[in-house]
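The following explanation leads through a predicted model, taking a sheet and its helices before turning to a single helix and its surroundings. Please keep the sequence and the structure in view while reading.

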Amino acid sequence: MEFITQTIGQVLEEQVALYPDDDFLIYSDRNLRFTFRAFNERVNRFAKGFLAIGVKKGDHIGIWATNVPDWLTIFFAATKIGAVLVTVNTAYRSHELEYLIEQSDINTLCLIEGYRDSNYISIVNELIPELKTAQRGKLMSARFPYLKNLVFIGQEKHRGMFNTQELMLLGSQVGDDELDRIKNSLACHEVINMQYTSGTTGFPKGVMLTHYNILNNGFTIGENQKFTHADRLCLCVPLFHCFGLVLGIMAVITHGVSVVAVEQFDPLLVLASVEKEKCTALYGVPTMFIAELNHPMFSMFDMSSLRTGIMAGSPCPIEVMRRVTEEMNMREITIVYGLTET
């Protein structure tokens, strides 16, 4: 096998050149669609926005969010400027976020309003009281000396934070030449992603992953599923984990696949997205597939477009696997086992 020696940004731009007007990112529930070209243009605006607020090559950008549309925008923008994306578990509470920000030396934290019963805005205001009076981009936190910026993923304004619209506006003041200069300075063996282990054997450990690591991991998974540009992957597992980001997005981007994203897992939404977008692949942990198969409306949806996908995360009962292959038409399903560290 010939390994990929390009950066993630270069691989994205190759796919943009091949399929500029084809769908790349789809949110079926809100009919939100980005072509490869439109997505890449938004990524570039975000990348220049990060440069405008002082993010440099090697700085760490944290993202604390569900699978919102701009999760991937932020990830790819970070890869284009050589910043390291630190993925934050959406279930983290205050003490876990505190540990991660301190341990990973995050420079810029991007976040949404909250998830389930956890209000992220309240948590960061409690941990960083200086936000109340700090000028945006010039935060001086006693607890987190490396943290300089907070970016709210959305249009709402929060004291001490940029929002995504402001970030893109600031990015418009940075020339394309500056972004190109930085992109051309990057190499595939540079660290681009820091993922934290679950911490089951002690404190969570930040695993340093390079372009080369995750691109080739995702490529081989895509090859195993026989992915081509004709495929459409319904992705409902979290992007903050290697399942969603590496086995999902890296397999997608190395094969020119369209990704049908689900912001938060909901079995009905997954079934509807598969039928509406004629998805050929579906990912999930066994409990997700069980929830889909046992949904009272399951028989109303056409799963005949499905061909492949991944089931991982925990052991799958034989009967569930039989139902997935027969009732969901996933006769080429892939079983994977992996570690964040690898």
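**A sheet and a helix**

Leu-25 has Val-259, in strand E13, as its bridge partner, and this pair belongs to a wider match in which strand E1 (residues 23-27) and strand E13 (residues 258-261) pair in the parallel sense over two bridges. Both strands are part of an open sheet of seven, which runs in the order E2-E1-E13-E12-E14-E15-E16 with mixed pairing. At its edges lie strand E2 (32-35) and strand E16 (332-335), each of which pairs on one side only, and from one strand to the next the twist averages 15°.

Helices pack on this sheet as well. Helix H2 (residues 36-52) touches E1 and E2, and its direction makes about 90° with that of E2, while helix H12 (residues 318-327) touches strand E15 (308-311) and E16, its direction making about 145° with that of E16.

Elsewhere in the chain, helix H4 (residues 94-104) invites a separate look: which of its residues are buried? They are Leu-97, Leu-100, Ile-101 and Ser-104, and because they cover an arc of only 95° around the axis, they lie on the same side of H4. The spacing fits a general rule, namely that an α-helix has 3.6 residues a turn, so residues three or four places apart point the same way. The buried residues of H4 pack against strand E3 (60-64), strand E4 (84-87), strand E5 (108-111), helix H5 (120-127) and strand E10 (191-196). After H4 comes Asp-105, whose phi is positive, near 55°.

Notes: Residues numbered from 1 in each chain as written. Predicted model: local features only at pLDDT ≥ 70, side-chain atom pairs only at ≥ 80, totals over all residues. Heavy atoms only, no water. Buried < 20%, exposed > 50% of the residue type's maximum accessible area, 1.4 Å probe, protein only. Helix = DSSP H or I, 4+ residues; strand = E, 2+ residues; numbered from the N terminus. Arc of directions from axis to C-beta. Contact = heavy atoms within 4.5 Å. Pairing = 2+ DSSP bridges. Axes fitted to C-alpha atoms, helices over the stretch in contact; angles between N-to-C directions.
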